Amino acid sequence: MHKQRKASLGPWPLGIVNSKRDYVLPAGACLDALNIDFTDEGNAVSRSGYSETVAIDNGAGLSNQGEKVMIRNGSELGVVTAVNPLVITSLRAGLGTDPVSYAERGGEVWWSNGTASGRCNADNTDSPWAVPAPLDLVSVFSGVGSLPPGDYRVCITHSMDDGEESHASTIESITLSTTGSIELTLPAAASGTDNFVVYCTWGDGEVLQRATTVSSVTASVSITDLPEGRQIRDRAFLRPLPAGDAIAFHNGRLLSLKGEFLYYSKPHDYGLYNPAQDFIRLGATGSIVISVESGVFVVADRTWFYAGTDIATAEPVEKLPFGAASGTAFYHPDTTSPVAGWYSDEGIVFGAGDGSVTLPQLEKGFIAPVAQSGSAWVRERDGMTHVVISLDGTAAYSKKVSPDFTAARQRYVDDSTTLCMNLANGATSRYSHWHFNSYATIDGDEYGIDSVGMSLLEGSDDLGTDIFCALDCGRVGFGSLNIKSPECVYVAGKSSTAMVVDIAMPVGPTYSYPARTFSEAPLVVRFDGMKGLMNARLPWFSTVIINQDGGSMEVSAVQVLINESNRMI
């Protein structure tokens, strides 16, 4: 004798839960979701594809920065100024293929790849972070004038007409034994600079003050009177801020993260720092630096929050005992005050202005793969917001994940490199064959770039290749040890081709049952012909909904009608 019962599954607002065995998945969770996006309600929707690829060799660094779209085209950094056809204004060549970090301020984009750095000006020209410092004075000697006798010190800087100024040259000393002048022979000016600023002390004095400012084409200067201008202060000891693997602005300072050091500029003098004091040693190689206005999150082998508007005086508070994948920092777009996000060794982290952190994936029961680096794309589309995390080839799940999740991945496509999380409910899915390393919105359209080209992130396939989608609902029937099989499966949703239900047995093959009909309008579809599975004499099975021939699909609920025998063997 057989009896029938029903198992109702979906929607799936928890997304993938891979920390539990498949027979104890919580309500609202699935075992796996491949090439799926979860809606705010938890419906499973096949992801969009990509198309219209423009060939770019070793492209990366695609990023929206204010009104500009930055890109690294091979080893050349540039600005995208048009699409269809693609037009890139070159900024700097010969940079290699290291990842590029950006920070925008006032219409200018500051960039660095860890070894080189620069600034994209408003007119898409390239400048260094700081005004180049002049070479040392060619000669310093006494002349005729009214300076009193004494020991003097002199140096020079370069300045721009807008007031921006370099650090100082080497300070030179001269002694006037009688009343006279100080004669300076200036070096050739650094390219692109406007002026020389000359600083001098009073006789036997210590404070360098501005004596005069002259055009950068000037060859020599005579100091005949005691200086009365501004003091040079610590500019005499400043040097260019080191290039970083990650950079960010924080309340008037530019932060540059390189190795185990976080360097910070002088306030509003973004390209210069004092190498004797303007740095923080982290004790391990850093990966993330991101500001939330009221503080800065810094990640190395653990995660710290530096509270306050000035990082030079902030005290670090450890927030998490683990690191993160470099290149994955982003901002949550749906909050009233800045909330930072990044991809950590435990999945996505959100950091708020008060220093609090949350781990939405871990809290939902998703154990994330670990990787060294990656990128983040915040996608706002169809009234929903998702973040797509693209990881490098080191991405791998740990042994902490459920063996059932491992088996489910290996059943179809075992790809650990790309995750998608709905920012409204934290539901996570994963993508396959998605190799983009950076993203940008250009003229209202979204683009991604990989090692072979830049693609429009729209389409029903991946540049002509069908997108395979699978929603693994987990094990059905574990409520008893009795032999059982599905009688039929009902799926509520819609699709552009007939969907297929795969019944995966705990041992042995997987059986596929295509729907007899389909519709691009919502309806309930019946999948049947499964009665013969009772002969497998097994007490449970897994139910997987897949698409066919790359068709689109949306699934809101699944109901399995189960035939259960009175026998256990």
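In which loop does Asn58 lie? In this predicted model, Asn58 is placed in the loop between strand S7 (51-55) and strand S8 (60-65). Although Asn58 is not a glycine, its phi is positive, at about 55°. With a relative accessibility of 37%, Asn58 counts as partly exposed. A positive phi, near 65°, is also found at Asn124, again a residue other than glycine. Asn124 belongs to the loop between strand S14 (117-120) and strand S15 (126-127). Because its relative accessible area is 18%, which falls under the 20% limit, Asn124 is classed as buried.

Two cis peptide bonds were also identified in loops. The bond from Gly10 to Pro11 is cis, with omega near -5°, and Pro11 is located in the loop between strand S1 (2-9) and strand S2 (15-16). The bond from Asn84 to Pro85 is likewise cis, with omega near 5°; Pro85 is part of the loop that lies between strand S10 (76-82) and strand S11 (87-92).

As to the overall architecture, the protein chain contains 2 helices and 50 strands. Its C-alpha trace spans about 120 × 50 × 35 Å along the principal axes. The radius of gyration of the chain is 31 Å, whereas a compact globule of 569 residues would have a value near 25 Å. Of these 569 residues, 54% count as buried. Among contacts with a separation of 6 or more, 62% join residues that are 24 or more positions apart.

The largest nonpolar core comprises 61 residues, and Leu471, Ile545 and Val558 have the most contacts inside it. The greatest contribution to this core comes from strand S50 (residues 553-565), which supplies 5 residues. Apart from this core lies another one, of 17 residues, including Ala248, Leu255, Val289 and Val296. When residues up to four places away in sequence are not counted, the residues touched by Leu471 include Trp12, Cys30, Asp32, Ala33 and Phe38. Also touched by Leu471 are Ala44, Thr543, Val544, Ile545 and Val555.

Strand S50 also contains Gln559. Gln559 counts as partly exposed because its relative accessibility is 28%. Its C-alpha lies 5.1 Å from that of Tyr490, although the two residues are 69 residues apart in sequence. Beyond its neighbours within four places in sequence, Gln559 is in contact with Lys6, Ala7 and Ser8, as well as with Cys488, Val489 and Tyr490.

The analysis next turned to pockets and cavities. The second largest pocket has a volume of about 440 Å³. Its lining consists of 26 residues, and those nearest its centre are Val45, Ser46, Arg47, Ser48 and Ser552. At least two lining residues are supplied by each of strand S6 (44-46), strand S37 (374-381), strand S38 (384-391), strand S45 (484-495) and S50. By class, the lining of this pocket divides into 13 polar, 8 charged and 5 nonpolar residues.

The structure holds 1 cavity of 30 Å³ or more. The volume of the largest cavity is about 40 Å³. This cavity is lined by Arg47, Ser48, Gly49, Trp377, Arg379, Arg381, Tyr431, Trp434 and Leu457. Arg47 and Ser48 therefore appear in the linings of both the second largest pocket and the largest cavity. Strand S37 gives the most to the cavity lining, with 3 residues. The lining of the largest cavity comprises 4 nonpolar, 2 polar and 3 charged residues.

How values were computed:
Residues numbered from 1 in each chain as written. Predicted model: local features only at pLDDT ≥ 70, side-chain atom pairs only at ≥ 80, totals over all residues. Heavy atoms only, no water. Core = buried A, V, L, I, M, F, W, Y, C linked by side-chain atoms within 4.5 Å. Buried < 20%, exposed > 50% of the residue type's maximum accessible area, 1.4 Å probe, protein only. Helix = DSSP H or I, 4+ residues; strand = E, 2+ residues; numbered from the N terminus. Contact = heavy atoms within 4.5 Å. 1 Å grid on protein atoms, 1.4 Å probe; cavity = no way out; pocket = protein on both sides within 12 Å on 5 of 7 lines; lining within 4 Å. Points joined across faces, edges and corners; volume = space filled by probe spheres on them. Nonpolar A, V, L, I, M, F, W, Y, C, P; charged D, E, K, R; others polar. Rg over C-alpha atoms; globule rule 2.2 N^0.38 Å.
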